[in-house]
Amino acid sequence: MALLRVLSAQRSTVYLVYCRNSVNKSNLAAATAVANCRRDQRRQHSGKAASCASNSISDEEYALLSALDALPQRQHQHHQHHHHQQQRKQLLQILAAGHGTVRGVHSMPRQQQAQLAAAELAVEDKQRVHLEPAKPNPAGTPQRDPLDVSFNDPIAAFKSKTTWELLRAYLVYMICSSEKLVEHNMQLMKICKQIFGAKLFTMMMKATFYGHFVAGEDQIKIIPTLERLRSFGVKPILDYSVEEDISQEEAEKREVEASVSSAGDSVKDEGSMPQYHVDKSFADRRYKVSSARTYFYLNEATCERNMETFIKCLEAVSGATFGTGITAIKLTALGRPQLLLQLSEVIMRTRKYMEDLVGGQGNVLTHHKTIKDLEKYYATVGDNKDVQHFLKNVTSDKEGILHLFPWSGIVDEDSQLSDTFRVPDPKTGQMRRLISQIPPKEEEMFRNMIRRLNTIVKTAADLDVRIMIDAEQTYFQPAISRITLEMMRKYNKDKAIVFNTYQCYLRESFREVGTDLEQAKRQNFYFGAKLVRGAYMEQERARAQALGYPDPVNPNYEATTDMYHKTLAECLRRIKVLKDCGDDAKKIGIMVASHNEDTVRFAIEKMKEIGISPEDKVICFGQLLGMCDYITFPLGQAGYSAYKYIPYGPVEEVLPYLSRRAQENKGVLKKIQKEKRLLLAEIRRRLMRGQLFYTPKGNYVPI
């Protein structure tokens, strides 16, 4: 018996450190109930009771040791073996903990003991799902885990990670918590490269920041990461994250040159809007921006290379994700920024023209005016041939005017911008330009930009991969949104291929999303939207103040959250309307791209409230690789559509990206603290359970 006591102590020491505080009455009841039966049998057949008494062992201790002995030491089935090992550990723990608790439970009625034992075993079976290899599911039934909406489950968050990856993540977050290190991170990385040399520096980065935030160097090396993500229910949004590391002076020089027409800047023209003209003070668009990449125009050849890079991303996604992946692109990578500035100004001047003509505010279609209404406004000049030609090209339907200009022709045909954006003066009938004269060479540049975008989207449609066009600064965004909506109209005929991005820190976000939803409904195409809080808030606010136009940003963080939730709720309401009418609910697809767990919870609760299930495939969630794993992976494993934004590229060329990630993490210390806490909990759990060399193996199928 002394030997048994020694063995008990040795085998339970590690387990006791981790689990002693979690012992409860049902554990004890389970052990006692199993052992009592075994004790009675042994007393009848071999008189073991007398032997126990002679060794001063209580009935409860003998029951526990008997139950321990009764459990088989080996099993051919892995799951059964693991189950018995867990029971053995519990019994040993109870024995080591002392007599009092056991006697308290043993005094309970035997029927109640049996009920408690059965309940405890059921709970243990549920918990062990996290620790054991996934059990095979019935044919056609993917594995699903229950979702902890508090996002406090370290096992669900990190079961896709090796222990080394957890330690690396914890180290990275520790570094991100140091303000001085983060503030000078780019300089420190360059110094390290000089000291250690390129090869050793690359190894160091792969062991730390690069390995944590970046999937790999090229389309081939990222495949293992994509496959592992998929096996744990998570899909990728690929982004080739190579960025130029240029000085502020070089960035300002390029931006100013690329944002002014060769015909000169028209900022002083009548009706000109200053926010849609370049200002040298803000020409470096990286100013106070940590969570978005910036492209600076160099020449048309660079734009062609960017197009080819985006297409390679599409091919990589298609090859590794079976049509469930997404590629993110930026329109400023595909053309001259001056053209986006001019197009944005045209759109906003058109809105102002409609406000002056018919009253009210907002997009043209929100006025619900018809062609006949316009004819009345132009009654005094109705015989003018130019006015008649203008009215003929207005885009409208039975509910009213959609656009004053033929946007479909602008993105599909060889329309000349300078000739297209003209409106009649209501008093004189003379046509006046809403855009300054664009030289032929710049007209060709615009055609090239649209051609590149068409090539990318057509490739995406052929490969069955989706495109998310990122939002950018407000002085580019009207043009970006308009072009993106036209790409939706052209390619989103059977499903959502093209998604637009809406930044909810902007005051007009709700109205813009509502307007675009209305256009999609009236022109009968599938609408795709990614909702984000936004990346350019500080820069936008400073620029508005400096140039003297209204601040486009919500007053505070709470107002932005309200805007996000209000916009999301409206999208969900419209999806419900589609479902209730028997229409295709997938005509609206929304990505909740947020690292805020309250927003994710809000989306989940609203989905349940109005009867939208994950299987409807209309709502998905997205977070950056290396950030908020405690949100993404539990969502994917519970059957929700979950994405990781996956950057890749050579180590030295993604240093600007890594620098921004460090800066961004410094600004979200609250999230870092939670991630660090969950990481530490999972590392401890693995150490205590001897899972130091745990190998992730998922059996989930992304929805």
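This report describes a barrel of strands, the helices that pack on it, and a pocket in a predicted model.

## The barrel

Eight strands close into a barrel, and following them around gives the order β1-β2-β7-β8-β9-β10-β11-β12, with parallel pairing. Averaged over the sheet and with direction ignored, neighbouring strands are turned by 30° against each other. One of the pairings joins strand β2, residues 326-329, to strand β7, residues 466-469, in the parallel sense and over four bridges. Within that pairing, I326 has R466 of β7 as its bridge partner.

## Helices on the sheet

Helix α13, which covers residues 223-231, packs on the sheet and touches both β1 (234-240) and β12 (641-648), while its direction makes about 150° with that of β1. Helix α27, residues 629-637, lies across β1, β11 (619-624) and β12, and runs at about 130° to β12.

## Helix α16

Helix α16 takes in the 22 residues 337-358, and because each residue should add 1.5 Å, a span of 32 Å is expected, which agrees with the 32 Å between its end C-alpha atoms. The helix is mostly covered, since 18 of its 22 residues are buried. After α16 comes G359, whose phi is positive, near 85°.

## The second largest pocket

The second largest pocket holds about 1,100 Å³ of space. It is lined by 39 residues, of which Y276, M348, R351, E508 and E512 are the closest to its centre. The elements that give two or more residues to this lining are α16, β4 (400-403), α22 (477-491), β8 (498-503) and α23 (509-523), and α16 gives the most, with six residues.

Key. Residues numbered from 1 in each chain as written. Predicted model: local features only at pLDDT ≥ 70, side-chain atom pairs only at ≥ 80, totals over all residues. Heavy atoms only, no water. Expected span 1.5 Å × (residues − 1). Buried < 20%, exposed > 50% of the residue type's maximum accessible area, 1.4 Å probe, protein only. Pairing = 2+ DSSP bridges. Axes fitted to C-alpha atoms, helices over the stretch in contact; angles between N-to-C directions. Contact = heavy atoms within 4.5 Å. 1 Å grid on protein atoms, 1.4 Å probe; cavity = no way out; pocket = protein on both sides within 12 Å on 5 of 7 lines; lining within 4 Å. Points joined across faces, edges and corners; volume = space filled by probe spheres on them.
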